Amino acid sequence: MYKQQKQKKHSRTASCFKIYAIVLTILISFIAGLFVGRSRTVTTNTLKQLGQVENKYTDQTENKANFQIFWDVWDLVNEKFVNQPLDYQKMVYGAISGMLESLDDPYTAFLNPEESKEFLAEIEGEFEGIGAEIGIKNDLITIISPLSNSPAEKAGLKPNDIVVKINDEDATKMTLIEAVSKIRGPKGEQVKLTVARESEDEPQEITITRDKIEVKSVQWSMKGDIAYIKLSYFGEKTAQEFQDAVTNILTKNPKGIILDLRNNAGG
């Protein structure tokens, strides 16, 4: 009797264990299914998003960009380049700069944070450099105009001077941003420019000592009963300075106004 009860109890235990095992297996399978399904959904959504990004840039053009080449080169440099560690942020800046240079437009360029800071300082009307408006003419770095009473003017730079070299470095293939960044520098330091001038047979070297440059973009005066307004460049304060000048000029009851935009590199 006892033996039969023991066998029944053992049989019930075995049956319960089988049920638990089956339930556990189903639960594990269910969870695994959810995980796999979720992973596939995420992967599918990611691929769809990548496809949308690709279509965003390729549907409107005939040429299809292969970004895989970029990442292949990136990985290859990361694995094989001798001088490690790499400056990844500098590599990203370089890639962006190269992309914009491929447009063959001297006025389209990328500014890294330091260059952007210097550019904004110029717009605000205060920076350290030689004090000259520089632009591109016939694909060459050209002095548009030295600012009045600036180191550039005192050293003898003139409008339409072509900058051939900057500190003995060839400037004929530089972008405008590159040239400006090399000409700029701390107050008191010197920069040597080799310039070509129509009136001269040979290029000449001009050494300029950098200084703190503070310029007003708008200057005005009365020439008899005619008001004269000189707008040197467009900057952050130009609108307010121009409004102030006009307000003062109107009190003089001028018969006419001359607005001088000559040698304005920003307009």
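Author: Buried means under 20% relative accessible area, exposed over 50%, and partly exposed in between (1.4 Å probe, protein chains only). This is a predicted model: local features need pLDDT of at least 70, side-chain atom pairs count only at pLDDT 80 or more, and totals for chains, interfaces and linings use all residues. Residues are numbered from 1 along each chain as its sequence is written, and side-chain values use heavy atoms, with hydrogens and water left out.

Reader: OK, is Lys-187 buried or exposed?

Author: Look for Lys-187 in the loop between helix 6 and strand 6 (190-196); helices (H or I, at least four residues) and strands (E, at least two) are DSSP runs, numbered from the N terminus. Its relative accessible area is 54%, so Lys-187 counts as exposed.

Reader: Which residue does Lys-187 form a salt bridge with?

Author: A salt bridge needs a side-chain nitrogen of Lys or Arg within 4 Å of a carboxyl oxygen of Asp or Glu. For Lys-187, the closest N and O atoms of the pair are 4.0 Å apart. The other residue sits in strand 8 (residues 211-214), so the bridge ties together parts that are 24 residues apart in sequence. That residue is partly exposed at 31%, and its name is Asp-211.

Reader: And which residue meets Arg-210 in a salt bridge?

Author: Start with Arg-210, which is in the loop between strand 7 (204-209) and strand 8 and is buried, with a relative accessible area of 6%. The other side chain comes from the loop between helix 6 and strand 6, 21 residues apart from Arg-210. The N to O distance is 3.9 Å, and the residue you want is Glu-189.

Reader: Are Asp-260 and Lys-230 buried or exposed?

Author: These two side chains meet in a salt bridge at 4.0 Å, N to O. Asp-260 lies in strand 11 (residues 256-260) and Lys-230 in strand 10 (residues 226-231), so their bridge ties together parts that are 30 residues apart in sequence. As for cover, both Asp-260 and Lys-230 are buried.

Reader: How many salt bridges does the structure hold?

Author: Besides single pairs, there's a network of salt bridges linking Asp-168, Lys-192 and Glu-205. For the whole structure, the number of salt bridges is 8.

Reader: How far are the C-alpha atoms of Ile-183 and Arg-210 separated?

Author: Ile-183 belongs to helix 6 and counts as buried at 4% relative accessibility. Along the chain, Ile-183 and Arg-210 are 27 residues apart. In space, their C-alpha atoms are separated by 8.8 Å.

Reader: What is the phi of Asp-104?

Author: Asp-104 is in the loop between helix 3 (88-101) and helix 4 (113-123). At 70% relative accessibility, Asp-104 counts as exposed. Its phi is positive although Asp-104 is not a glycine, with a value of about 55°.

Reader: What about Asn-160, what is phi near there?

Author: You'll find Asn-160 in the loop between helix 5 (151-155) and strand 4 (162-166). Asn-160 is partly exposed, its relative accessible area being 48%. Phi is again positive in a residue other than glycine, here near 75°.

Reader: Which peptide bond is cis, with omega near 0°?

Author: Go to the loop between helix 2 (residues 67-80) and helix 3, where Pro-85 lies. The cis bond leads into that proline, running from Gln-84 to Pro-85.
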